[in-house]
Amino acid sequence: MSWHKLQVDLSNTGYVASDDLAMALFLGVTLGKPLLLEGPAGVGKTQIAKTLAELQDTKLIRLQCYEGLDASHAIYEWNYQRQLLSIRAASEEHKPSDEIEDHVFSEKFLLQRPLLEAIRQDKPAVLLIDEIDRADEEFEAYLLEILSDFQITIPEIGTIEARSRPHVILTANGARDLSDALRRRCLYNYVDYPDRRTEMAILAKRCPALEDRLAEQIVGFVQALRKEELEKKPGIAEMLDWAAALAGLGINDLADDPEQTQATLVCLLKTERDRAAVPKEVQQRLVGKAA
Amino acid sequence: MQVTRFPERAGGPAERLAGFMAHLRMNGIPAGLGETETALAALGAVDANRIGEVRSALRAVCAGDAEQERRFDELFDAYWLNRGRKRDGTAATHSSRNTKAQSGSNYRLASGATDDDGDADTPDDGNAGEAGRSGTGRLVASKISTIEKTDLRKLMTPEDLELAERVAEKIARSIRDRRSRRRKAALSGDALDMRKILRKSVQRGGEPIELFRKARPDRPVNIVAILDVSGSMTVYARVFLAFLKGLISADRRTDAYLFHTQLVRISDALRDTDTMRAVNRLSIMAKGFGGGTKIGANLKQFNAQYAAQSINGRSVVIILSDGYDTDPPEIIDEALARLKRRGARIVWLNPLKGWEGYAPVARGMAAALPHLDHFAAANTLADLAALEPWLNRL
């Protein structure tokens with residue numbers, strides 16, 4: 001396999017990746033290195049993990065990070081209910097407590113959370129660690145052990161080795177700086193908003209029924225809109241929603257009915273202030289630019 | 001940019017690659033042995049005769065963040081395409097302009113050996129840096145300082161000073177205990193520690209007789225206070241210094257800085273137990289006291305020099321300034337954005353905000369606003385006290 005073939009495969013599965021992103025992903029898969037993707041929200045960082053899983057016909061295991069995420073939610077937890085029942089049953093048989101302890105702290109009573117689940121797969125899974133910058137710094141430390149050795153240490157049992165090495169993709173929005181140690185272990189790619197040509201290709205992939213002229217207007221408008229001062233710039237998903245909305249309403253030309261075009265902007269502008277920042281006049285100017 | 005000559009008689013690809021890694025390191029991209037190994041493996045996986053592929057692959061391996069990724073192409077060309085010498089002059093100015101707009105902390109790295117070329121205020125910055133690092137507060141007199149030496153002692157009565165200190169100490173105490181969201185074992189807490197309970201219950205045939213709990217432990221907050229003592233702030237400087245001193249003495253994790261045309265770390269001087277002696281030490285330190293302001297440049301320097309050690313996700317940065325800046329507002333904007341990315345919360349106390357009809361129209365202030373978590377007045381002691389409930393909510 002070459003990186004170019006991967007890019008074509010991704011494209012056939014519906015994901016148009018830039019050369020750099022395809023290369024980074026290819027190296028990540030080939031060299032078995034985690035890939036760190038940074039960039040604004042809505043540029044398809046999460047989507048590429050899903051697409052990769054689809055492409056490799058493997059399981060996608062997703063860990064959504066948040067502040068306060070800890071080992072019992074990310075790696076493993078004991079199944080306390082089962083343990084309790086088992087202890088009761090065993091003590092009625094008057095087994096020695098050492099034996100009971102060994103029994104209830106065995107793998108049978110372990111609840112797998114995403115990270116443990118990922119290394120216990122027979123076929124290499126795609127492990128998506130989403131928005132790693134939201135988790136606390138302590139959590140990065142857990143992650144470092146797993147990403148470098150692909151093993152997990154559980155005090156009661158010992159070290160659990162990986163059955164297969166998952167393809168790890170981490171995403172970050174830049175909520176906080178990540179530690180250098182984590183960065184150094186990962187390949188890196190900054191995913192930016194796509195350029196006009198790439199975005200046209202994405203739109204053509206996702207909405208093949210759209211007329212060329214309207215597609216060009218849509219992409220041109222969204223590209224121009226991203227240059228405006230907005231709180232939340234529209235991502236690719238928003239662009240696709242908008243295209244679907246326009247197609248659904250039977251609009252063929254953005255300049256035809258400014259009122260209606262304005263109403264459809266709810267798909268692109270997601271905050272009150274952004275709505276106010278793009279009144280009809282601005283919208284018309286952007287449509288003019290897009291043409 | 002530091003230029004490494006392409007080794008004309010270099011041996012195999014490994015040696016050339018090692019040279020490239022050294023070239024990256026010299027230009028501030030921390031590529032180590034691990035990266036070299038990965039890079040070699042990566043080159044094996046792509047077509048090494050196609051420069052586009054090699055560039056793209058090496059970029060994915062060597063760059064660690066968006067800033068490094070942006071600079072990578074230039075460094076790549078300089079080494080592999082032997083453009084280093086030819087482009088030396090233009091490359092250096094280009095990168096310094098580039099990084100000035102985009103990042104405070106990488107600026108020095110980018111300029112490399114040519115060292116801060118073309119920046120008017122760097123000589124001052126360099127000196128201030130030395131003074132800060134030495135920790136004794138020795139400061140080389142600034143060129144732009146006003147001639148008269150501002151006497152701190154005549155500005156306030158001792159009673160007001162004491163009140164300010166008491167208020168500040170209360171604030172410091174209240175914000176030390178921002179709560180963490182993670183739990184750990186504790187004698188009393190809001191959640192049961194099931195793991196421990198079960199372990200202990202094994203000995204009693206599964207009866208959970210003893211209950212163990214876990215709680216969200218208190219995590220200290222680091223306060224970093226940065227005080228503007230330029231000419232326009234002189235009337236407030238004395239109270240604010242006392243306020244800073246109160247913050248500092250309550251908690252050793254607190255850090256204080258003062259700036260006018262340069263930035264000085266004053267934590268050690270403020271920890272002096274004798275208020276008057278501390279004030280004297282300070283007036284000796286800050287010879288440029290009461291001069292012009294370079295807020296943006298100073299925040300940028302703070303990012304470059306101190307932020308890495310003193311700022312993390314539990315930091316609260318308190319900036320006391322009126323927002324009148326002689327630098328272009330983009331510098332403030334960039335410096336605060338950078339600070340924010342480190343996870344710090346930023347509070348800006350502006351004495352002018354207490355004035356009737358005040359609007360943050362000063363360009364520097366307007367540029368700073370989007371980055372602030374809290375923007376408050378600070379022209380009375382009551383205003384300073386009003387900070388406490390806000391910090392308590394964190």
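# A guided tour of chains A and B

Begin in chain A of this predicted model by selecting helices H11(A) and H12(A), where H11(A) passes H12(A) in a right-handed crossing. The residues that make this contact are Leu214(A), Ile218(A) and Val222(A) on the side of H11(A), together with Met239(A), Trp242(A), Ala243(A) and Leu246(A) on the side of H12(A). If you colour them by type, you will find seven nonpolar residues, with no polar and no charged ones. To select the whole helices, take residues 212–226 of chain A for H11 and residues 236–249 of chain A for H12; they pack at an angle of about 140 degrees, and their axes are 11 Å apart. Because of that angle, H11(A) counts as oblique to H12(A).

**The other neighbour of H11(A)**

Keep H11(A) on the screen and add helix H10 of chain A, residues 196–206, which packs with H11(A) at an angle of about 130 degrees, with the two axes 10 Å apart. H10(A) is therefore also described as oblique to H11(A), and the crossing of these two helices is right-handed. On H10(A), show the side chains of Arg196(A), Glu199(A), Met200(A), Leu203(A) and Ala204(A), which meet Ala215(A), Ile218(A), Val219(A) and Gln223(A) in H11(A). The residues of this contact divide into six nonpolar, one polar and two charged. Ile218(A) deserves a label of its own, since this residue is named in the contact of H11(A) with H12(A) and is named again where H10(A) meets H11(A).

**The sheet of chain A**

Now hide the helices and display the strands of chain A, among which five form an open sheet with parallel pairing, in the order S2-S5-S8-S1-S9. Which strands stand at the edges? They are S2, residues 60–64, and S9 of chain A, each of which pairs on one side only. As you look from one strand to the next, the twist averages 20 degrees.

Centre the view on strand S1 of chain A, residues 35–38, which pairs with S9(A) in the parallel sense over four bridges. Along this pairing, Leu35(A) has Leu187(A) of S9(A) as its bridge partner, while Leu37(A) has Asn189(A), also in S9(A). Turning to strand S8 of chain A, residues 167–172, you will find that this strand pairs with S1(A) in the parallel sense, again over four bridges; here the bridge partner of Leu36(A) is Leu170(A). Are the residues on the two faces of S1(A) buried or exposed? Leu35(A) and Leu37(A) on one side, and Leu36(A) and Glu38(A) on the other, are all buried, and both faces of the strand are covered.

**A loop after S2(A)**

Next select Gly68(A), which lies in the loop between S2 and helix H4 of chain A, the latter spanning residues 71–74. This glycine has 15 other C-beta atoms within 10 Å, which is why Gly68(A) counts as partly exposed. Then add Ala135(A): these two residues are 67 apart in sequence, yet their C-alpha atoms are 6.5 Å apart in space.

**Where the two chains meet**

Bring both chains into view and look at the contact between them, to which chain A contributes 37 residues and chain B contributes 31. On the side of chain A that touches chain B, at least two residues come from each of several elements, including helix H5 (80–92), helix H8 (137–149) and strand S9 (187–190) of chain A. H2(A) gives the most to this side, with seven residues. By type, the residues on this side of chain A divide into 14 nonpolar, seven polar and 16 charged.

**Across into chain B**

Finally, show chain B alone, a chain with 17 helices and eleven strands, in which buried residues make up 43% of the 394 residues. Look for its open sheet of six strands, which has mixed pairing and runs in the order S8-S7-S6-S9-S10-S11. Strand S8 (263–265) and strand S11 (374–377) of chain B each have a single partner strand, so one side of each is left without a neighbour in the sheet. Neighbouring strands of this sheet are turned by 20 degrees against each other on average, direction ignored. Within the sheet, select S9 of chain B, residues 315–320, and S10 of chain B, residues 345–350, which pair in the parallel sense over five bridges. To end the tour, label Ile319(B) and its bridge partner in S10(B), Trp348(B).

Terms used. Residues are numbered from 1 along each chain as its sequence is written. Chains are lettered from A and ligands numbered from 1 in the order in which they are written. This is a predicted model: local features need pLDDT of at least 70, side-chain atom pairs count only at pLDDT 80 or more; totals for chains, interfaces and linings use all residues. Axes are lines fitted to C-alpha atoms, for helices over the stretch in contact, and angles run from 0 to 180 degrees between N-to-C directions. Angles under 35 degrees count as roughly parallel, over 145 as roughly antiparallel, 65 to 115 as roughly perpendicular and the rest as oblique. A crossing is left-handed if the near helix is turned anticlockwise from the far one by less than a right angle, and right-handed if clockwise. Two residues are in contact if their C-beta atoms, placed from the backbone, lie within 7 Å. Ala, Val, Leu, Ile, Met, Phe, Trp, Tyr, Cys and Pro count as nonpolar, Asp, Glu, Lys and Arg as charged, and the others, Gly among them, as polar. Two strands pair if DSSP finds at least two bridges between them. A residue is buried if 20 or more other C-beta atoms lie within 10 Å of its own, exposed if 12 or fewer, and partly exposed in between; C-beta atoms are placed from the backbone.
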